Amino acid sequence: MKIAIYTFSRQGYQLMEKIRCKLQQMDSCMEISGIVKCKSMGNLSENKSLQECVGESFNSAEVLIFIGAAGIAVRAIAPFLEHKSKDPAVLVVDEKGNYCISLLSGHAGGGNAWCKKISAMLEGTPVITTATDCEGLFAVDEFARKNELLILDWKQAKRISATILEGKKIGFFSDCFIKGTVPKELYKLESKKGKENLWINISYQTMQEGLQLIPKVIVVGIGCRKNTPLEKIEMAIKKALCEEQIIDEAVYLLASIDLKQEEQGILEFCKKKEIPFVTFSSEELKKAQGEFSASAFVEQTTGVSNVCERSAVLASGGDLICKKKIYDGVTIALAKKEKVIYFE
């Protein structure tokens, strides 16, 4: 977690240090940078303009906190705004710490939650203006953020929020386990086939209707010949997912044997998709629980009779949903981890 705090006066600097100290107590692993732009203090930060500093923070930090006037914050962030799905949370705190304003990415970026945390630290008042929060209603983007679900269609999400604000209920269906109390603004659908004009579908499978919230639950187990190019690996994974009707964005991890930990094509794929790659020794793979395909050639080469299925199951901690498939020398298996969706 990276947080950038901006301040413009001596009083603001003191408040910044207070916030930094309390955040560090809350989580010692937080990376907190303090940027001081105050002439009377010798402009303590690097010799860069405020906009240059903000540009760097916007691309690297999850939360930006401005201590000072809201107008300064608005002008500083304006050139870098993209979309609520990409922008970091931006907060503004007055120099006395009386008020903390959630200025940007209140739901998707967690700005409202951070606003409440910072206000509690300072014993101040949180200022939150998002309509669903003001009305105390279910917010689909906040729900998705808390449950680590990906929203692809933000127009649909906006329509759902508008419908809820009109006092209407929204149906939802989930492939994942549900815990907690379903909010009064929603009602559970028994199947995806109950065609609604506007509904929420929590699913890792491809679909055409409703607002899909995608859980990252799929692990791709992979095996390949040495020096298999990126293009072949990409095509094999794409075909496997397509055949199993699994949406690409549901994949959160690739797994294989440790003999493949430096396999360039796999590493290039993971870098391109921004997902991790984990490997296991042959002894670890032998301990995987379940019934797996077996190959004498693979066992002779790697020391274990199957790589892709076993690595997928081990990495996911869940069940195999697609046994080994072979695409031009690339073996693919898919496993799904169990995920629980929480309603507060």
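**Exercise 1. Find the residue in S10 that is the bridge partner of Ile170, then place the two strands in their sheet.**

Step 1. Go to S10 in this predicted model: Leu186 is the residue that bridges to Ile170.

Step 2. Now look at the strands themselves. S8 covers residues 170-174, runs parallel to S10, and is joined to it by three bridges.

Step 3. Zoom out to the sheet. Its five strands follow the order S7-S12-S11-S8-S10, the pairing is mixed, and the sheet is open. S10 (186-188) is an edge strand, and so is S7 (149-151), each pairing on one side only. On average, neighbouring strands here are turned by 30° against each other, ignoring direction.

**Exercise 2. Work out which residue in S3 stands opposite Ile5, and say which helices lie across S1, S2 and S3.**

Step 1. Ile5 faces Ile65 of S3. The strands involved are S1 (residues 2-7) and S3 (residues 63-67), a parallel pair held by five bridges.

Step 2. Read the strand order: S2-S1-S3-S4-S5-S6, an open sheet of six strands with mixed pairing. S2 (31-36) and S6 (125-127) each have a single partner strand, so one side of each lacks a neighbour in the sheet. The average turn between neighbouring strands is 20°, direction ignored.

Step 3. Add the helices. H1 (residues 10-26) lies across S1, S2, S3 and S4 (89-93), at about 180° to S2. H2 (residues 50-60) lies across S1, S2, S3, S4 and S5 (99-104), at about 160° to S1.

**Exercise 3. Check the length of H8 against what its 14 residues should span, then sort its buried side from its exposed one.**

Step 1. Allow 1.5 Å a residue and you expect 20 Å; the end C-alpha atoms of H8 are 20 Å apart, so the two agree.

Step 2. List the buried residues: Leu230, Ile233, Ala236, Ile237, Ala240 and Leu241. Viewed down the axis of H8, the buried residues stay within an arc of 135°, so they line one face. The background is simple: an α-helix has 3.6 residues a turn, so residues three or four places apart point the same way.

Step 3. Flip to the other side of H8, where you'll find Glu231, Lys238 and Cys242 exposed.

Step 4. Ask what sits over the buried face: the cover includes S13, S14, H9, S16 and S17. Just past the helix comes Gln245, with a positive phi near 55°.

**Exercise 4. Do the sorting again for H9: which residues are buried, and what covers them?**

Step 1. Gly265, Ile266, Phe269 and Cys270 are buried in H9. Their directions fit within an arc of 135°, so these residues also line one face of their helix.

Step 2. Lys271 and Lys272 are exposed on the other side of H9.

Step 3. The cover over the buried residues of H9 includes S13, H8, S14 and S15 (277-280). Glu274 follows the helix and has a positive phi, near 60°.

**Exercise 5. Which element gives the most residues to the largest nonpolar core?**

Step 1. Start with the core: it has 28 residues, and those touching the most other members include Ile237, Leu254 and Ile266.

Step 2. Next, the elements giving two or more residues: S13 (218-223), H8 (230-243), S14 (251-257), H9 (264-273), S16 (319-327) and S17 (330-336). H8 comes out on top, with six residues.

Step 3. Take one member up close. Leaving aside residues up to four places away in sequence, Ile266 touches Ile222, Cys224, Ile233, Leu254, Lys260 and Phe277.

Step 4. Don't stop there: a second, separate core holds 23 residues, among them Ile3, Cys100, Ile118 and Ile128.

Definitions and conventions. Residues are numbered from 1 along each chain as its sequence is written. This is a predicted model: local features need pLDDT of at least 70, side-chain atom pairs count only at pLDDT 80 or more; totals for chains, interfaces and linings use all residues. Side-chain values use heavy atoms; hydrogens and water are left out. A nonpolar core is a set of buried Ala, Val, Leu, Ile, Met, Phe, Trp, Tyr and Cys residues joined through side-chain atoms within 4.5 Å. Buried means under 20% relative accessible area, exposed over 50%, partly exposed in between (1.4 Å probe, protein chains only). Helices (H or I, at least four residues) and strands (E, at least two) are DSSP runs, numbered from the N terminus. Contact means heavy atoms within 4.5 Å. The expected span of a helix is 1.5 Å times one less than its number of residues. The arc is that of the directions from the helix axis to the C-beta atoms. Two strands pair if DSSP finds at least two bridges between them. Axes are lines fitted to C-alpha atoms, for helices over the stretch in contact, and angles run from 0 to 180 degrees between N-to-C directions.
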